[in-house]
Amino acid sequence: MQTSKGTNVNSEDICFTPALELREMIRNKIVSPVEVVRAFLDRVEKINPIINAYGTVLPELALQSARQAESQMMHGDPMGPIHGVPFSVKDVTLTKGIRTTFGSKLYENFVPDEDALIVERLKKAGGIILGKTNCPEFAAGASTRNKVFGITRNPWNTTYSSGGSSGGAAAGVAAGIAPLATGNDLGGSLRVPASFCGVVGLRPSPGRIPNVPTEFYWDTLNVEGPIARTVSDTALMLDVISGPDVRSPVSFSEDTEFLKATKDPAINKLRVAWSDHLNLSAIEKEVCEVARSSIRIFQDLGCEVVEDAPDVTGAREIALVLRALRFVGLYQEQLSSNPAFREHVNPLIVGNIEQGLKYSIQDLGKAERQRSDLWQKFHKFFGKYDLLVT
């Protein structure tokens, strides 16, 4: 396409341009926010029917926001860190005035009256929401499918899974229909789909991106986080969405400039522990071989690399109990009082609630004690190493 400055820019090139470069192109008026959004919407129209990354697309709202962003530039108004850059939002994250289904027939027509904090911050930074990305029901599952929108397919091979639970987010970024995407992660929901789709998914420390609003304000298991195509783009997004909020009792303040850190990534002399499976999970031979070959990069950069792992005995059992506690806390009352819940909701979720109800208060107490023991083991382990690579 020919831009407003008369420059010929390929629409597909725009869609695969890193967000950081896209931001600079907009600031330097090589492309306008409207041209950028139109390029992405054209590609969404072409690609989304094949992979089903978006459940809800917002062309009118996106173009309206792009025109506003363009007008602000013309008037010399201050620009945010991602002014004019599009992003997508996972469909379990609240968006004011935009349908949020949680991947469930029970909430198929639910429209929130407020934004989640992560969405609020992205919009305030100048980002433009393109739509809501697909996920398993209530974000519970390692593959992305539900009764509302169906299956999200892997853009590299549509017969393969995009992973979960942020599968729509990762597939959309990989397919060039969103440069930045929100997701959340309890047991891998940012990292698994990012790895399946070949993009970058980061699970931040609990409290770095406050989860507001939520039914579990003291939650340290489920976190919001970014998915992007590059490490720098992920850092750019993390800078925008990080920071404390008075509504969250677990949020914290830390003066870390993530994007700045990527510009000088010296890691020489760091002590790196490497384990292919942490004595926790079986790993495909091919995956293990690729990962092991990548460890040489750390050595080439001047790190000391040692094959070692912390003692993770009991980690799986702790996770199952604490995860079950979440399911009971969030959904047990609905299961008991609403007949439609059992009828329409994924049996996996019902099973998790029922399993949670079988645990005793002694089981919960033991899990919390074991969790503390596990923390101590990791704390001691990181007295010897700077990084743990798996």
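A residue counts as buried when its relative accessible area is under 20%. That cut-off is a handy place to begin a walk through this predicted model.

**A threonine between two helices**

Thr17 has a relative accessible area of 10%, so this residue is buried. You will find Thr17 in the loop that links helix 1 (11-15) with helix 2 (19-27). What does the side chain of Thr17 reach at 2.5 Å? The partner is the backbone oxygen of Asp13. If neighbours within four places in sequence are set aside, Thr17 touches Leu22, Met25 and Arg229.

**A covered strand**

Let us move on to strand 2, residues 86-90. Five of the five residues in strand 2 are buried, and the strand is described as mostly covered. Pro86, Ser88 and Lys90 point one way from the strand, while Phe87 and Val89 point the other way, and all are buried. Strand 2 runs parallel to strand 3 (residues 128-133), and Lys90 stands opposite Thr133 of that partner.

In general, the strands of a sheet pair through backbone hydrogen bonds, in either a parallel or an antiparallel way. The table sets out two strand pairs of this model.

| Strand pair | Direction | Bridges | Residues facing each other |
|---|---|---|---|
| Strand 2 and strand 3 | parallel | five | Lys90 and Thr133 |
| Strand 11 and strand 13 | parallel | three | Val272 and Leu387 |

**A sheet of three strands**

The second pair in the table belongs to an open sheet of three strands, ordered 12-11-13 and paired in parallel. Which strands stand at the edges of this sheet? They are strand 12 (304-307) and strand 13 (387-389); each has a single partner strand, so one side of each has no neighbour in the sheet. Direction ignored, neighbouring strands here are turned by 30° against each other on average. Within the sheet, strand 11 covers residues 271-274, and its Val272 has Leu387 of strand 13 as bridge partner.

**Two helices that cross**

Our last stop is a helix pair. Helix 11 (residues 315-337) packs against helix 13 (residues 347-358) at an angle of about 110°, and their axes are 8 Å apart. The two helices are therefore roughly perpendicular to each other, since angles of 65 to 115 degrees count as such. From helix 11, the contact includes Arg323, Phe327 and Tyr331, and from helix 13 the residues taking part include Ile349, Asn352 and Glu354. By type, the residues of this contact are nine nonpolar, three polar and two charged.

How values were computed. Residues are numbered from 1 along each chain as its sequence is written. This is a predicted model: local features need pLDDT of at least 70, side-chain atom pairs count only at pLDDT 80 or more; totals for chains, interfaces and linings use all residues. Side-chain values use heavy atoms; hydrogens and water are left out. Axes are lines fitted to C-alpha atoms, for helices over the stretch in contact, and angles run from 0 to 180 degrees between N-to-C directions. Helices (H or I, at least four residues) and strands (E, at least two) are DSSP runs, numbered from the N terminus. Angles under 35 degrees count as roughly parallel, over 145 as roughly antiparallel, 65 to 115 as roughly perpendicular and the rest as oblique. Contact means heavy atoms within 4.5 Å. Ala, Val, Leu, Ile, Met, Phe, Trp, Tyr, Cys and Pro count as nonpolar, Asp, Glu, Lys and Arg as charged, and the others, Gly among them, as polar. Buried means under 20% relative accessible area, exposed over 50%, partly exposed in between (1.4 Å probe, protein chains only). A polar contact is a pair of N or O atoms within 3.5 Å; within protein, one must be able to donate a hydrogen and the other to accept it, and residues adjacent in sequence count only if both atoms are side-chain atoms. Two strands pair if DSSP finds at least two bridges between them.
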